Amino acid sequence: SSGINAEWPLRPGHPKLVTDIEDTERKMKTQKILLEKIGTCSQARESLNKMREEHLEKVRQQEEEQSILMRLQMEQKLELLRQQKMEQLKYQEELKRRHEQAVFDRESAKVAAQQAAQAPPQATSPAPAPPVVMSTHVNPSNYVAPQPAVGVTQPQPSYQQHHTYRQLPP
């Protein structure tokens, strides 16, 4: 056997020792092979763990990018909804303004028609003259000349130099 020292004299009574030595050498070779396999398995496990970590990091980055994309899409959708709401409010305000104007126009036309139906024809009667207030004090800064109605001439009183005429507000 290759592991037996030549200086060591073997006697024929030691066959058990020779088989034990051969068994030990075989077991050492098996152990060496198993240690190599364990080393290979350890390297494979380290490589697998590294790949797993890289995959988890890649998945995490993809989820983060997806989250950012979804947030941006939601922000864009929210901005679009805000713009649509503003446009809708402006449109409703415009409709309300038009409705109020139409109601006002109808009411104005209705009042004008009622007044036209109730008022006598203007060609036959003169418009009433505005009330005049007489003051015995002559103050040129307060003097307001009387305004005759359209188409009507009023006689001028002779005492105009001594009295002030002011027109009262309606």
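Hi everyone, here is a short walk through the structure above, from its overall layout to a few of its salt bridges.

Please keep in mind that this is a predicted model. The mean pLDDT of the protein is 80, with 62% of the residues at 70 or more. What are we looking at in terms of secondary structure? There is one helix and there are two strands, in the order α-β-β from the N terminus. Helix 1 covers residues 15-118 and has the highest mean pLDDT among the elements, 95, while strand 1, residues 132-135, has the lowest, 54. Where pLDDT is low, the predicted coordinates should not be read in detail.

Now the surface. Of the 170 residues, 2% count as buried. The protein exposes about 15,700 Å², and carbon and sulfur atoms supply 58% of that.

On to the charged side chains. How many salt bridges does the count come to? Seven, and I'll show you some of them.

K16 pairs with D20 at 3.7 Å, N to O. These two are four residues apart in helix 1, so about one helical turn separates them. K16 is exposed at 58% relative accessibility, whereas D20 is partly exposed at 34%.

Further along, E79 meets R82, with their closest N and O atoms 3.8 Å apart. Here the spacing in helix 1 is three residues, again about one turn. E79 is partly exposed at 37%, and so is R82 at 49%.

Lastly, shared partners join E57, R60 and E64 into one salt-bridge network. Within it, E64 and R60 come to 3.0 Å, N to O, and they sit four residues apart in helix 1. Thanks for listening!

How values were computed:
Residues numbered from 1 in each chain as written. Heavy atoms only, no water. Buried < 20%, exposed > 50% of the residue type's maximum accessible area, 1.4 Å probe, protein only. Areas by Shrake-Rupley, 256 points an atom, 1.4 Å probe, with all protein chains shown as cover. pLDDT = per-residue confidence, 0-100. Salt bridge = Lys/Arg side-chain N within 4 Å of Asp/Glu carboxyl O.
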